[in-house]
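Visitor: I am new to this structure, and I would like to understand how its contacts are named. Could you show it to me and explain the terms as we go?

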Number of protein chains: 2
Amino acid sequence: MPTKSAAQRRAEARVAYDAYLATCPSRQLLERMGDKWTTLVVNALADGPQRYAELARRIAGVSQKMLTQTLRALERDGMVTRMVTAAVPVRVDYALTPVGRDLLPVLAAVKAWSERHIEAVLDAREAYDAAQASRAG
Amino acid sequence: MPTKSAAQRRAEARVAYDAYLATCPSRQLLERMGDKWTTLVVNALADGPQRYAELARRIAGVSQKMLTQTLRALERDGMVTRMVTAAVPVRVDYALTPVGRDLLPVLAAVKAWSERHIEAVLDAREAYDAAQASRAG
DNA sequence: CGGCATCCACACGGATACTG
DNA sequence: CAGTATCCGTGTGGATGCCG
């Protein structure tokens, strides 16, 4: 077998690309921002430190599982601090680190884009769907 | 039944929040950027119009299904144009629209953050994992 | 109060085969 | 070349119940 199959070549390319993506800094942040709750949590914490229950209330749709999971991930990456106050009942406060706070301008950029183009996007979407419908009809 | 159950209240809150998220412009963009391939495709198209096969090659890890799906979504939102040239074989070129091109500064912001903080993130991650390990051991 | 463990449904996304 | 159609494994994430 002197030559590799197309499938083999593709598989190898994918592995190499995965490795590239795994080490790409931008990718790592994108991966975090990608999940549903990260940006919501960071935004909620922008106003200052907050307790677990406060966050749960402000991000009304989140389940405890996802909120905890998101906070843990952010903590692990050094974007959020977790401060436990021993008491009965326990009190846990979360806050952005300087690194985490630096994420706010990025979110601001996203927000700016959205507000500038949302109307065009909505129009485009409508036009696209209309074209699809007429093709189907 | 004068009062609602906790589960009911939570469910209603979730519905309301979902509705809020559905109409929030930032959220809509975040949703797009969230999926694995959107940003890669936009980045690839930053250099100018490109054919389907070129994109598939540059974004080596992507499957046709995902590439097509991503391009369709971007096209629907008016961020990418799709130009078919009737020939044998067919030729299809994709390009960023002005709206899509406006996404590049946002990606640049992400990139800037990543390059500035990746080291701190990696360190934090290592420290966090070490702490976890010592707790388990 | 602030979790963790478990179960489970569903959507995401990869592999493969086929088409205009 | 540029897709579409299908099958199917896996991860994501919600619901629930228990615990320090």
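Guide: A polar contact is a pair of N or O atoms within 3.5 Å; within protein, one must be able to donate a hydrogen and the other to accept it, and residues adjacent in sequence count only if both atoms are side-chain atoms. This is a predicted model, in which local features need pLDDT of at least 70 and side-chain atom pairs count only at pLDDT 80 or more, while totals for chains, interfaces and linings use all residues. Side-chain values use heavy atoms, without hydrogens and water, residues are numbered from 1 along each chain as its sequence is written, and chains are lettered from A and ligands numbered from 1 in the order in which they are written.

Visitor: What makes B:Arg51 a polar contact of DNA strand D?

Guide: A polar side-chain atom of B:Arg51 lies 3.1 Å from a phosphate oxygen of the strand, and the limit is 3.5 Å, so the pair counts.

Visitor: How do you know that B:Tyr94 has such a contact with a phosphate oxygen of DNA strand D?

Guide: An N or O atom in the side chain of B:Tyr94 is 2.6 Å from a phosphate oxygen of DNA strand D, which therefore meets the definition.

Visitor: Why does B:Val92 count, with a polar backbone atom at 3.5 Å from a phosphate oxygen of DNA strand D?

Guide: The definition says within 3.5 Å, so the polar backbone atom of B:Val92, at 3.5 Å from the phosphate oxygen, is included.

Visitor: Which residues come nearest to DNA strand D?

Guide: Of the 17 residues around the strand (each with a heavy atom within 4 Å of it), A:Lys65, A:Met66, B:Ala53, B:Arg82 and B:Tyr94 come nearest. Of the strand's atoms within 4 Å of the protein, 70% belong to sugar or phosphate and the rest to bases.
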